[in-house]
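Here is a short tour for anyone meeting this structure for the first time. Take a look at the sequence and the model, and then read on.

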Amino acid sequence: MLSLNYRDARPIYEQVRDGLRHLMVTGAIAEGEKLPSVRALASGLAINPNTIQRAYAALEEEGYLVTEPGRGAYAARRAEAENPRRTVLLRQFDAAASELLFLGMSAQELAQRVNHVKQNGKEDGQ
């Protein structure tokens, strides 16, 4: 499910957060699906449960998961409402789109790229 890279400069909780976010975005973890308990995931990754709790808290703050007291954590349903992560990503997208337009990419090419990502569920680096 997740793999950790101990040579990565990022803290372990960020690697866990990013890995779980990626699994949710790509559909490997479906909307509404129950995530492993903090203890189970910590045991599986051989790390401290507090690290998993911190990753879960960050994902909840970003709107990627919902915690139900006594029941566990679940992948959030896609929300139309604004959330902090969406705002950050839109700013990054706007900056990247502006630069790509400056570098000669047409608006149509940019739109095709967005459609490609939507159809394939990920970017491919081209």
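Let us begin with Arg-17, which lies in helix H1 (residues 12-25); helices here are DSSP runs of H or I with at least four residues, numbered from the N terminus. This is a predicted model, in which local features need pLDDT of at least 70 and side-chain atom pairs count only at pLDDT 80 or more, while totals for chains, interfaces and linings use all residues. Residues are numbered from 1 along each chain as its sequence is written, and side-chain values use heavy atoms, leaving out hydrogens and water.

A residue counts as buried under 20% relative accessible area, with a 1.4 Å probe and protein chains only. Contact means heavy atoms within 4.5 Å, and the partners in the table leave out residues up to four places away in sequence.

| Residue | Relative accessibility | Touches |
|---|---|---|
| Arg-17 | 15%, buried | Ala-55, Ala-58, Leu-59, Glu-62 |
| Glu-62 | 14%, buried | Arg-17, Arg-21, Asn-83, Arg-85 |

Glu-62 belongs to helix H3, which brings us to a helix pair. Helix H2 (residues 38-45) packs against helix H3 (residues 49-62) at about 120°, and their axes are 8 Å apart. That angle makes H2 oblique to H3, a word for angles that are not under 35 degrees, over 145 or from 65 to 115. From H2, the contact uses Val-38, Leu-41, Ala-42 and Leu-45, and from H3 it uses Pro-49, Ile-52, Gln-53 and Tyr-56. Seven of these contact residues are nonpolar, one is polar and none is charged.

Note on methods
Axes fitted to C-alpha atoms, helices over the stretch in contact; angles between N-to-C directions. Helix = DSSP H or I, 4+ residues; strand = E, 2+ residues; numbered from the N terminus. Nonpolar A, V, L, I, M, F, W, Y, C, P; charged D, E, K, R; others polar. Buried < 20%, exposed > 50% of the residue type's maximum accessible area, 1.4 Å probe, protein only.
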